[in-house]
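Me: Let's go through this model term by term. I will ask what earns each label.

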Amino acid sequence: MKTVNTVVIGAGPGGYVCAIRLAQLGIETLVVEKTNWGGVCLNVGCIPSKALISAATKFSDLVSPKKSGLSDMGISFGSDVEIDMLKLQAWKEGIVGKLTGGIAQLLEKNGAQMMIGEATINGVGSITVKTADGSENIKCENIVIATGSTPIEIPGFSYKDPRIMDSTKALAIKELPKRTVVIGGGYIGLELGTVLSKLGSEVTIVEMGDQLLPGFDPDVVRVLARNLKKSKVPVMLKSRALGWEENEDCASVTVDTPKGEKSLDADAILVTVGRFPNTTGFGLEKLNVNMDGRFIKIDKQGKTSVAGIYAIGDVAGNPMLAHKASHEAEVVAEVIAGHNVQNEAKTVPAVVFTNPEVATAGLQEHEAKAAGYDIKVGKVPFAAIGRALTTGHTDGFIKVVLDASDDRVLGVTICGSHASDLISEAALAVEMDASALDIGLTIHPHPTLGEGVMEATKAALGEAIHILN
Ligand code: FAD
C-alpha cells in the first residue's frame, strides 16, 4: 500500500498552495484532485470571470463611446463593433489553461506527488482514491481537506434545465441570451450580471435583501445602483423568485415583490444565491469532526477536532475567497512541518469586480460603529484625484475609517476604478496596526490613484489638501 506523510484532498487555491508549500518544506505529500488542477478559482471562478469582465468592459466601452467617455477623448470609430463569443471563450480558456498548466508544473517541480481521482476518507490516516484506472488505498499521517464549495440550487430552478445557469454555465456561454434574469445580487451575481449586460443581454437583478451586496457599505451600494440604472439594468430588491415556466419562446419567472407578484420574461436565468461547502460524499462523516454549521470547524492552525485532520479554504468557513484559502493553506503546511505558527490575519480583504470595482480591508464604517468604536472618517471622491480624471474613470470614492482614540487605521473601503489593486496598501495598514500618519506621511507617487488613499487618510485627520476638510 502506498504511504505518504500528508494527503491533500482538492487542488484549488487552498489545496494546491498547501501541497506546494508542504513539498517545499520537505514533507512527502500527495495531492488528489478529482477534476482540474486549480479548483473552482482557476477553472470556473476568479480567473475566467475576470477575463470575461475585462473583455466585456472593452466591448461595451466601444459600443457606447459616449457613456465610456471615449467620445470626450476625441476617439471615434465605425459603428460595427462586434463580439465573437466563440473566440472570447477560446481566449478565456487559453488563460485558464496557462494558469492550470503552471500549477501542475509547480506541484511537480516542487516534488509533490499528484493524482487525478476522487478521494474518499476511510478513517484517520487512510484514504482511497478512485482513478480512471481503478482504486488505490493510501496510508498517511495527515489529511488536509480542501474540497471547496458548490453553487447552491434553489427549489424549482434546476441547473440541469438548459434555461437555468449556475456561475459555471454562465462563464461558458457561447451564445448571448437576449434577456437574463439574475437571481441573487451578491458579488457573483453582480459580476456575472455585469458581464452579460455589457455584452448586450438585457439583465434584471432580483435580490431578496433590501440592498445589493448585503453587508457592504451603503455608500458603495449607492454608486453601484446608480451605475446599474445608467446601464439599464433594473434591480428588484426585497423580491423573491418563486418559480418559472416555459412560455412560447422564453421562460417566464414569477417574482414576489413588495408590490405583489410580477412575471419577467427571460431567455436565461442565472442563479447566484451563494455556495455551500463540500463536506459530504467523501467520508468526512466517518471522522466525526466538529462542525460549525455547514463548515468544518478549525482552530487557528487549521486543525479540526480530530488529530491528523486539517481543513482549509471554502470548506473551513467564511469568507469563501481564494486568498483566504491560500493563506490558511500555508499556515497548515507550516504546522504539519512542525513550525509553531498560527493564522494571525486581522483582515481578509474582499474585492468585487463590478462597475466600478469595490474593495474593502478591515472594518467598513458601519461595522466599526457596530463594534462600538468612536471613529473618524475621511472620504475622497475619485473625481478629486488627478489621475482618475486622466483615465476618465471618476466614479466612486475612497473612505478611510480611523479609531478616534489613537488614529489607528481600522479599515478602508474603496469604490472606484482599480479598487482591487489599491486595497493591498490598506490591508497592510490594518495588519500592521498603522496609524493614519503612517499612510499620510508616506510619499505617494504623483499622479496615481494611490494618492487618493493618502488623501482620504489625511481627510480623516482634517488635513486633506485637495478637498475641503
Ligand atoms: P476550490 O477552489 O473549490 O477547490 C476544491 C477542489 O477540490 C476542486 O477542484 C474539486 O474538484 C476538488 N475536490 C472536491 N472533492 C474532492 C474529492 N473527494 N477528491 C478529490 N478532489 C476533490 N474568490 C476570490 O478570492 N476572488 C474572486 O474574484 C473570486 N471570484 C469568483 C467567481 C466565481 C464565479 C466563483 C464561483 C467563485 C469566485 N471566488 C473568488 C471564490 C473562489 O473561487 C473560492 O473561494 C476558492 O476557489 C476556494 O478555494 P478552495 O481551495 O477552498 O476550493
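Reply: Start with an open sheet: its five strands follow the order E8-E15-E9-E10-E11, and their pairing is parallel. At its edges are strand E8 (164-165) and strand E11 (235-236), each pairing on one side only. This is a predicted model: local features need pLDDT of at least 70, side-chain atom pairs count only at pLDDT 80 or more, and totals for chains, interfaces and linings use all residues. Residues are numbered from 1 along each chain as its sequence is written, and side-chain values use heavy atoms, with hydrogens and water left out.

Me: What makes a run of residues a strand or a helix?

Reply: Both are DSSP runs, numbered from the N terminus: helices are H or I with at least four residues, strands are E with at least two. The protein chain has 14 helices and 24 strands on that count.

Me: Why are strands E9 and E10 called paired?

Reply: Two strands pair if DSSP finds at least two bridges between them. Strand E9 (residues 179-183) and strand E10 (residues 202-206) are joined by five bridges, so they pair. They run parallel. Val181 stands opposite Thr204 in E10.

Me: Which strands make up the antiparallel sheet of three, and what makes two of them edge strands?

Reply: The order is E12-E13-E14, in an open sheet. Strand E12 (240-246) and strand E14 (260-266) each pair on one side only, and they are the edge strands. Neighbouring strands here are turned by 25° against each other on average, direction ignored. The axes behind that angle are lines fitted to C-alpha atoms, for helices over the stretch in contact, and angles run from 0 to 180 degrees between N-to-C directions.

Me: How many bridges join E13 to E14?

Reply: Seven join strand E13 (residues 251-257) to E14, and the two run antiparallel. Ala251 stands opposite Ala266. Thr254 faces Ser263 in the same way, standing opposite it. The two strands form a hairpin with two residues between them.

Me: What is notable in the hairpin of E4 and E5?

Reply: Gly125 takes a positive phi near 75°, and two residues lie between the strands. Five bridges join E4 to strand E5 (residues 126-131), antiparallel. Ile121 stands opposite Ile127 in E5.

Me: How do you know which residues are around the ligand?

Reply: A residue is near a molecule if one of its heavy atoms lies within 4 Å of it. There are 39 residues around the ligand, and Gly14, Glu33, Lys50, Asp314 and Ala322 come nearest. H2 supplies the largest share of the shell, four residues.

Me: How is the shell divided into nonpolar, polar and charged?

Reply: Ala, Val, Leu, Ile, Met, Phe, Trp, Tyr, Cys and Pro count as nonpolar; Asp, Glu, Lys and Arg as charged; the others, Gly among them, as polar. The split is 18 nonpolar, 15 polar and six charged.

Me: Why does Lys50 have a polar contact with the ligand?

Reply: A polar contact is a pair of N or O atoms within 3.5 Å; within protein, one must be able to donate a hydrogen and the other to accept it, and residues adjacent in sequence count only if both atoms are side-chain atoms. An N or O atom in the Lys50 side chain is 2.7 Å from a ligand oxygen, so the pair qualifies. For Ala322, a backbone N or O atom lies 2.8 Å from an oxygen of the ligand. The protein covers 96% of the 1000 Å² of accessible area that the ligand has on its own.

How values were computed:
Areas by Shrake-Rupley, 256 points an atom, 1.4 Å probe, with all protein chains shown as cover.
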